[in-house]
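User: I am new to this structure and would like a close look at a single part of it. Please choose one helix, say what surrounds it, and then follow the charged side chains outward from there.

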Amino acid sequence: MSIAGGYHKALESAGALAMGTCQIFTKNNNQWRAKPISDEEADRFKAALKTHAIAHPLSHDSYLINLAAPDPELWKRSIDAFIVELQRAEQLAIPYVVAHPGAYTTTSEAAGLKRIALALDEVHAQTPRLAAQCLLELTAGQGSNLGWRFEHMATILDLVNDPDRLGLCFDTCHVFAAGYPLALKKDYQRTMKELDQVVGLSRIKAFHLNDSKKELGSRVDRHEHIGQGKLGLEAFRNLLNDRRFKKTPMYLETPKGPHTDETTGIEEDWDATNLRVLRNLVGRAKTD
């Protein structure tokens, strides 16, 4: 949700749709600089969490941050910027900051993964008392982006000094685009079994719910409205009726804006439509 007009405005928008979750950027996601969060802004946000019954706030870090960067200056700047992201989340009582692991650019997967682990160790060393934690997001794997294989996440967790300060964010579009099928019940179960064996399902602290404009294994990150992409409704039916994730918060990252509903002919926001589609799948499990 947009924070235009104040951080609390995002929670008002979420509350209007009876959401129990809300993800925000705590600053402009395409800029390094960030205006400090005042105590008044933080207090108003925390009060709005209670007013609108948002149990699971979440933030996403800047897209400029690259913890795998081989360039020393960009790597150091990324570490410093991510520390600020965690501090801002802490101010707002947000427990997790979602981060793409990083892109190795001119080096290699192995070198990039080591670089990410070293960066996270430095972040943790400089923030020993922060409660806010990093959630590494599973990615689609565009270009040299890391995190599109479950093994990438396992390697990072093995390399860091304090893996208990890390969790995972499972993005349905990304995982599908990375090559893991989710639609057929047997494929969904196989994908989740593999993730459990390689990393552990208990590491998943959040889901991003997005359909995909591109095909399975395309390695292209393009989000689509629920049920209108290559993933289709069944993947979401499988996930929403998986009892293991009944209490794991889930967040929409689908395209924004108004539209006219084809069934009712009423103009409404896409968030409302996507939420209704998802909620209609709950309790309606299907077997192959």
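Analyst: The buried residues of helix α7 pack against α5 (150-159), β7 (166-171), α6 (172-177), β8 (204-209) and α8. Here helices (H or I, at least four residues) and strands (E, at least two) are DSSP runs, numbered from the N terminus. Contact means heavy atoms within 4.5 Å.

The model is a predicted one: local features need pLDDT of at least 70, side-chain atom pairs count only at pLDDT 80 or more, and totals for chains, interfaces and linings use all residues. Residues are numbered from 1 along each chain as its sequence is written, and side-chain values use heavy atoms, with hydrogens and water left out.

The residues of α7 that are buried are Asp187, Tyr188, Thr191, Met192 and Leu195. They lie on the same side of α7, because they cover an arc of only 130 degrees around the axis; the arc is that of the directions from the helix axis to the C-beta atoms. Buried means under 20% relative accessible area, exposed over 50%, and partly exposed in between (1.4 Å probe, protein chains only). On the face turned away from the buried side, α7 carries the exposed residues Lys186, Lys193 and Gln197.

The 14 residues of α7 should span 20 Å at 1.5 Å a residue, and the end C-alpha atoms are 20 Å apart, which agrees. The expected span of a helix is 1.5 Å times one less than its number of residues. Just after α7, Gly200 takes a positive phi of about 110 degrees.

Within α7 there is a salt bridge between the side chains of Arg190 and Asp187, at 2.5 Å from N to O. A salt bridge is a side-chain nitrogen of Lys or Arg within 4 Å of a carboxyl oxygen of Asp or Glu. Arg190 and Asp187 are three residues apart in α7 (residues 185-198), so about one helical turn separates them. Asp187 counts as buried at 13% relative accessibility, whereas Arg190 is partly exposed, with a relative accessible area of 49%.

Both residues of that pair also touch Pro181, which lies in the loop between α6 and α7. Leaving aside neighbours within four places in sequence, Pro181 is in contact with Asp187, Tyr188, Arg190, Thr191 and Leu216. Pro181 itself counts as partly exposed, at 23% relative accessibility.

By the salt-bridge rule the count comes to ten. One of them joins the side chains of Glu215 and Lys230, at 4.0 Å from N to O. Glu215 lies in the loop between β9 (211-212) and β10 (223-224) and Lys230 in the loop between β10 and α8 (233-240), so this pair ties together parts that are 15 residues apart in sequence. Glu215 is partly exposed at 43% relative accessibility, and Lys230 is partly exposed with a relative accessible area of 47%. Another salt bridge is formed by the side chains of Glu151 and Arg149, at 3.8 Å from N to O.

Lys27, in the loop between β1 (21-24) and α2 (39-51), offers a contrast. Lys27 is buried yet has no salt bridge, and the nearest side chain of opposite charge, Glu85, is 4.5 Å away. Lys and Arg count as positive and Asp and Glu as negative; His and the chain ends are not counted. The side chain of Lys27 does reach the backbone oxygen of Gln31, at 2.3 Å.

Methods:
A polar contact is a pair of N or O atoms within 3.5 Å; within protein, one must be able to donate a hydrogen and the other to accept it, and residues adjacent in sequence count only if both atoms are side-chain atoms.
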